[in-house]
Amino acid sequence: MSAGLGTVPAQQTYLDVGQGNRVFDSLYDEPLPPLSRDCPAWQEEVMRRADSAPAEIVPGLLQEELRGSDVMALYRGESSCALGGVPGIGFGPADQKYFEDLDLSLARVRALVRSLRHGEMLIAIARPTGRSGDPLPIGVAARGFDGNLISDSTRTAGYVLSTDVAPTILGWLGIPVPSQMSGQAIHTTGSVDAAAIESLGARMAVIGSRRGPVIGLAIGIWVAALALAVLLGRAGWAGPAARVVGLSVIYMPLVLLLGAALEAGEGVEQALVALGSPLLAVATLAALGGYRALAAASGITVLAYALDAIAGSPLTALSLLGPNPGLGVRFYGIGNELEAMLGVLIAGGTGAALAGFAPRLAPRRCAATFLVVGLACAVVFAAGRFGADVGAAIVFPVGAAVAAAVVAGWHWQRAWLVVAVPVGVLALLAAIDLATGANAHLTRSVLDAGGLGSLADVAQRRLQLSAHSFMRPILAAFL
């Protein structure tokens, strides 16, 4: 279970569990106040802080729903105050339905599992330390929970979010889940496979720290080699060297996909990227040259990821350009970095193919080619959750529509088509999602938003987070 969005204090993890919703710390007007002995006063401070966030954050919402449904709630754990209760005090009449918050040793957890009666559920979560964004071990013992944990928030077997706990509890007790909770009920898939979860966790744990040493080192070597070719080489070396470096960057995502398939260590991945990508570039240039080489490199890389998405393979998510598990949220889709790279390769590769293989094709047919390729890729990659769910459904059609408009020489007054195309694709995906009951993140965000005000909150959150990204020096340089 992810402890929060980024590195958060332990009490923030408990708050997220109790409210069934969460946002980045940077979206609050003030930091989380330190927990005091005066629990009601601390809860009031937390409520005022929650009001400043552009989201429907209701601390203690789980407790409110339990009390409103006459469920006995007894709090005796360190999470009591953050969950919305008062330690040692129960609310409501002593009904058959009850909720209890406890601090237990692992041995006591084992004993409780053995003593569970029919209709009872035990959710055990490791105590958050607040020192890192590493996920926390979680287990559920209850009738019907006999496989790897998963939820519609993550869609990744073995991983759930802190916000999924409250909807799971309410659903088990037969209480409707309020719209302010963004989490999804936890369920199970397949059979318990501890080794697979450990392997997945080990890979996700190194993705964030390995990106720089693998990708950064390779690009540094290529740029240095290019500089030497320009400064020390004979006349005419700069052009071929630049083309090799350019194609190496295009082949890099393909080689990273191979690294995920091989489950390679850091040193092996460094060698694969630094040497393998230029070798592929040289071979492509030798076989084709010019725009045809650019088209081939782009097409091969995009096709590899498309086939992986269609096959439902986990390799894309385990590549270094896949998710961003360090933030504790990207378990439900592929990261924006890969989506952005593929968006460039799709538009650039299509243009290169037209220039290299069909240089005399009429502008209107060129425009149609851009649209067909862009829309096809949008459907494939959006269905594969590229761009943290459906980002590909926006970026790819926009790129295709802009390219088509430029090639066909359309007047600026037809620019509305550039906006209409991605909106149409998103509407199509939403219709498919509703028809199949797939419960995608996009559809939930729009249909379950609770009105235009909530949709405005979503837009505000995204804009604030985007603006906040520019404040990070390294990221600002890349942007």
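Here are a few worked exercises on the structure above.

The model is predicted, so local features are used at pLDDT of at least 70 and side-chain atom pairs at pLDDT 80 or more, while totals for chains, interfaces and linings use all residues. Residues are numbered from 1 along each chain as its sequence is written, and side-chain values use heavy atoms, without hydrogens and water.

**Exercise 1: salt bridges across the chain**

Find how many salt bridges the whole structure holds, then work out where Asp25 and Arg49 sit.

Solution.
- Step 1. Start with the rule: a side-chain nitrogen of Lys or Arg must lie within 4 Å of a carboxyl oxygen of Asp or Glu. The search returns eight salt bridges.
- Step 2. Asp25 and Arg49 form a salt bridge, at 3.7 Å from N to O. The two are 24 residues apart, with Asp25 in the loop between α1 (10-19) and α2 (39-51) and Arg49 in helix α2. Helices here are DSSP runs of H or I with at least four residues, strands are runs of E with at least two, and both are numbered from the N terminus.
- Step 3. Now check exposure, where buried means under 20% relative accessible area, exposed means over 50%, and partly exposed lies in between (1.4 Å probe, protein chains only). Asp25 is partly exposed at 31%, whereas Arg49 is buried at 3%.

**Exercise 2: two more pairs and a network**

Locate the partners Arg76 and Glu100, and decide whether Glu269 is buried or exposed.

Solution.
- Step 1. The side chains of Arg76 and Glu100 meet at 2.0 Å, N to O. This salt bridge joins the loop between β1 (72-75) and α4 (80-83), home of Arg76, to strand β3 (residues 98-101), home of Glu100, across 24 residues. Glu100 is partly exposed, with a relative accessible area of 31%.
- Step 2. Glu269 pairs with Arg203 at 3.2 Å, N to O. Here helix α9 (residues 266-287) carries Glu269 and helix α7 carries Arg203, 66 residues apart.
- Step 3. Glu269 is buried because its relative accessibility is 1%. Arg203 also counts as buried, at 11%.
- Step 4. Salt bridges also link Glu78, Asp103 and Arg127 in a network.

**Exercise 3: an enclosed space**

Work out how many cavities of 30 Å³ or more there are, and which residues line the largest cavity.

Solution.
- Step 1. On a 1 Å grid over the protein atoms alone, a cavity is a set of points where a 1.4 Å probe fits but cannot get out, and lining residues have an atom within 4 Å of a point. Points are joined across faces, edges and corners, and the volume is the space filled by probe spheres set on them.
- Step 2. The count is one cavity of 30 Å³ or more. The largest cavity has a volume of about 40 Å³.
- Step 3. Its lining consists of Gly4, Leu5, Val8, Gln12, Asp16, Arg22, Val23, Phe24 and Asp25. Asp25 is the residue that bridges to Arg49 in Exercise 1.
- Step 4. Sorted by type, this lining has four nonpolar, two polar and three charged residues. Ala, Val, Leu, Ile, Met, Phe, Trp, Tyr, Cys and Pro count as nonpolar, Asp, Glu, Lys and Arg as charged, and the others, Gly among them, as polar.

How values were computed:
1 Å grid on protein atoms, 1.4 Å probe; cavity = no way out; pocket = protein on both sides within 12 Å on 5 of 7 lines; lining within 4 Å.
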